[in-house]
Structures are given as C-alpha cells and as structure tokens.
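Colleague: Hey, got a minute to walk me through this one? I'd like to start with the cysteines.
Modeller: Sure, here it is.

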Amino acid sequence: MTIPYVMRPARLDDFESLMILAEESGPGFTSLPVHERILRERLEKSEKSFAGDLDQPQYGKYLMMMVNDETGEVGGCSAVKAGVGIDQPFFNYRVITLAQASQAANRRHDMDALVLTNEFVGYTEVGTLFLRQAHRGGGAGRLAAQSRYLFMASNPDRFGDMVLAELRGVVDAQGGTPFWEAIGRHFFQMEFTEADILSATTDNQFILDLMPKYPIYVDLLPPEAREVIGRCHADGVGALKLLEWEGFRFERTVDIFDGGPLVAAPRKLIRTIRESRVVTLREGEASGETGLVSNDHFNDIRISLIEGESRGENEFVTSGAVLDRLRLKPGDTARLWLRS
C-alpha cells in the first residue's frame with residue numbers, strides 16, 4: 001500500500017508550513033531562508049508561475065508541496081526554476097587545472113584553481129528539496145525529487161534543454177563553513193549567513209563588487225577548505241545519489257560560498273523523463289508494479305506514488321484512492337513512471 005502523499009503546487013496559505021520547513025532545514029539551505037518576506041514572495045511568484053501569469057515563461061519559479069492527502073499535513077517541498085542567470089547572475093566557481101612546466105628546472109605538475117563564472121545562463125534548476133524528519137522514508141524522498149521531472153515532462157517547452165542542481169556544501173549547525181572562512185570572509189567582510197541572505201534578496205551585484213577577479217589557487221587554501229570543495233552536506237548525500245541515478249554529473253563547478261557541488265544533465269536524458277509514458281488509468285484491485293504518476297496538468301499538477309498493474313503499454317490499473325489524489329476519473333490519461 002502506497003503512502004497517501006501527493007505533490008501539488010504551493011499556495012499562499014502554505015506560508016506557515018513553509019516557514020517550519022525553512023526553520024528545520026538548517027544553515028546554508030539558501031533556497032529556504034528563515035525570512036518572512038522572501039518566503040512570501042516565493043509563494044506569490046510560484047502561484048503566478050503555475051497560473052501562467054508571467055509574460056516570459058523562462059522566469060517561472062515553481063514550488064511544490066508534499067502533502068499527506070488524508071491529514072492535509074505538509075511534510076516537505078521541492079521546486080523547479082525554469083531559467084537561471086536570466087534575471088540576475090548565477091555565479092559559481094569552476095575548478096580548472098593549470099599545467100605548470102619548466103624544462104630549465106626539470107619540473108612538471110598540475111595545479112587546480114577556482115575561477116568565478118556565470119556560464120549556466122538559461123539552464124533549468126531543480127532544488128529546494130527538503131523533507132521533515134517524520135516524513136522521510138517509504139518513498140517520500142523519491143516522490144519529492146522525481147516529481148520535478150514529471151512536472152517538466154508535462155510542458156517541456158517551458159524549460160531549458162539543460163538542467164542543473166546545486167547541493168548545499170559542508171556547513172555546521174552554527175552556519176560555519178571551512179570554504180567560506182578560507183575565501184569569502186576575506187573579501188566580503190561579513191558572516192556566511194549574511195552573505196547567504198544577500199544572495200537570496202538582491203540582484204547579486206555585491207558578488208561582482210567584492211569577489212576576487214583572478215583565479216584562486218587551491219593549493220594555497222587551508223587543508224580543511226580544500227577537503228570540502230565539491231563535497232555536499234551530510235543531509236544532501238541521499239539527494240546527490242538520486243541525482244546521479246537520474247543521470248546528473250558533477251561539472252567541476254562549486255558554490256562560491258560553501259563549495260558545494262553543482263551537477264547537470266540534458267533534460268531529455270534525465271531518467272524519470274526518459275522512462276515516463278502517458279497511459280490511461282483504470283480503477284481496480286491490482287498490484288505488482290510501483291512507481292510515480294502525474295495527472296500531467298501543468299497548471300494544477302498533482303503527483304503521487306502508485307501501485308497497480310500494467311495492461312499492455314497504454315493502460316494501468318490502480319486504486320480509486322490514487323485516482324482521487326490525482327483528481328482524475330477512470331479512463332483519464334496520466335503520465336506514469338514505473339520502477340524497473
């Protein structure tokens with residue numbers, strides 16, 4: 001029996017639940033700051049995006065909430081940003097390798113350096129994936145993660161050909177991070193948490209104003225900073241594994257504040273999108289196959305875990321409870337992804 005969770009578009013009345021998620025997500029979770037104005041603005045932007053009230057779809061920011069359909073309790077969230085680097089710069093450090101050689105000294109070695117870049121303009125970003133502790137397990141994490149790809153499959157023209165994800169880097173419970181202490185603090189002259197809030201509330205001009213314009217040699221950084229470059233937070237290890245399973249790969253690009261990894265993949269090659277198909281749903285008692293199902297309605301997307309049985313390539317039999325969660329009737333079509 002599948003758990004009764006459903007992913008649905010966030011609403012303005014989700015504010016209190018979203019604030020709880022932000023408080024529990026901890027320091028360094030940039031997309032969920034404990035900041036009332038920012039969270040309200042994100043809910044408003046998401047509602048407009050789902051309603052199609054944006055003149056330019058590439059500015060769309062879609063936030064989905066994971067809700068227990070029986071109790072109404074919000075257990076988590078995830079999001080899709082249609083295009084990054086369009087309305088404001090999307091800065092990262094790319095790790096490049098410089099070959100050093102001297103015939104006179106009979107020496108040759110390679111050195112890594114960090115270069116500030118804004119090279120992912122137009123990429124779609126998946127992120128804001130967070131589940132409350134009591135709502136983890138039983139497939140809830142997969143639902144929150146994979147629902148973003150089924151959502152993109154419902155209207156692919158609204159999203160970029162390439163998709164990226166940034167994972168939170170190594171940050172402790174007090175908001176301290178070795179990467180920031182080694183680099184950012186010297187140039188910004190502020191705490192990590194303050195820079196994190198500024199990046200979420202401004203056009204990021206302060207990064208252009210204050211960040212170093214020249215490469216930073218990795219070997220000159222303290223060992224504790226070198227060790228966390230490209231490493232994700234302990235809470236993000238599961239999310240990283242899911243991203244790699246989908247086909248995302250580390251691009252040798254990291255966050256400028258905490259050094260967390262950025263991964264990317266072509267949208268058409270993302271596993272959930274590639275393996276999903278549109279079927280007609282039938283109501284009945286059936287089991288043996290499990291996966292995820294979406295009503296494929298872009299403006300009122302609803303995605304749920306599903307259990308049932310395939311009848312050929314074009315039909316799938318499942319329970320009435322799943323149909324109710326999707327707000328569909330027997331005979332309606334849906335987008336289905338099954339575990340192989």
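Colleague: So how many disulfides does the count come to?
Modeller: Zero, where a disulfide is a pair of cysteine sulfur atoms within 2.5 Å. Cys-77 is in none, and its nearest cysteine sulfur, in Cys-232, sits 18 Å away.

Colleague: Why no bond for Cys-232?
Modeller: Because the closest cysteine sulfur to that of Cys-232, in Cys-77, is 18 Å off, which is too far for a bond.

Colleague: And is Cys-77 buried or exposed?
Modeller: Cys-77 is buried, at 0% relative accessible area. Cys-232 is buried too, at 12%. Buried means under 20% relative accessible area, exposed over 50%, and partly exposed in between (1.4 Å probe, protein chains only).

Colleague: Can I ask what this all rests on?
Modeller: It's a predicted model, where local features need pLDDT of at least 70 and side-chain atom pairs count only at 80 or more, while totals for chains, interfaces and linings use all residues. Residues are numbered from 1 along each chain as its sequence is written, and side-chain values use heavy atoms, leaving out hydrogens and water.

Colleague: New topic, backbone angles. What's phi at Asn-106?
Modeller: Near 55°, so to speak on the positive side, in a residue other than glycine. Most residues other than glycine have a negative phi.

Colleague: Where is Asn-106?
Modeller: In the loop between strand 4 (92-102) and strand 5 (107-117); strands are DSSP runs of E, at least two residues, and helices are runs of H or I, at least four, numbered from the N terminus. Asn-106 counts as exposed because its relative accessibility is 64%.

Colleague: And what about Gln-189?
Modeller: Phi of Gln-189 is positive, near 55°, and Gln-189 lies in the loop between helix 4 (178-188) and helix 5 (192-201).
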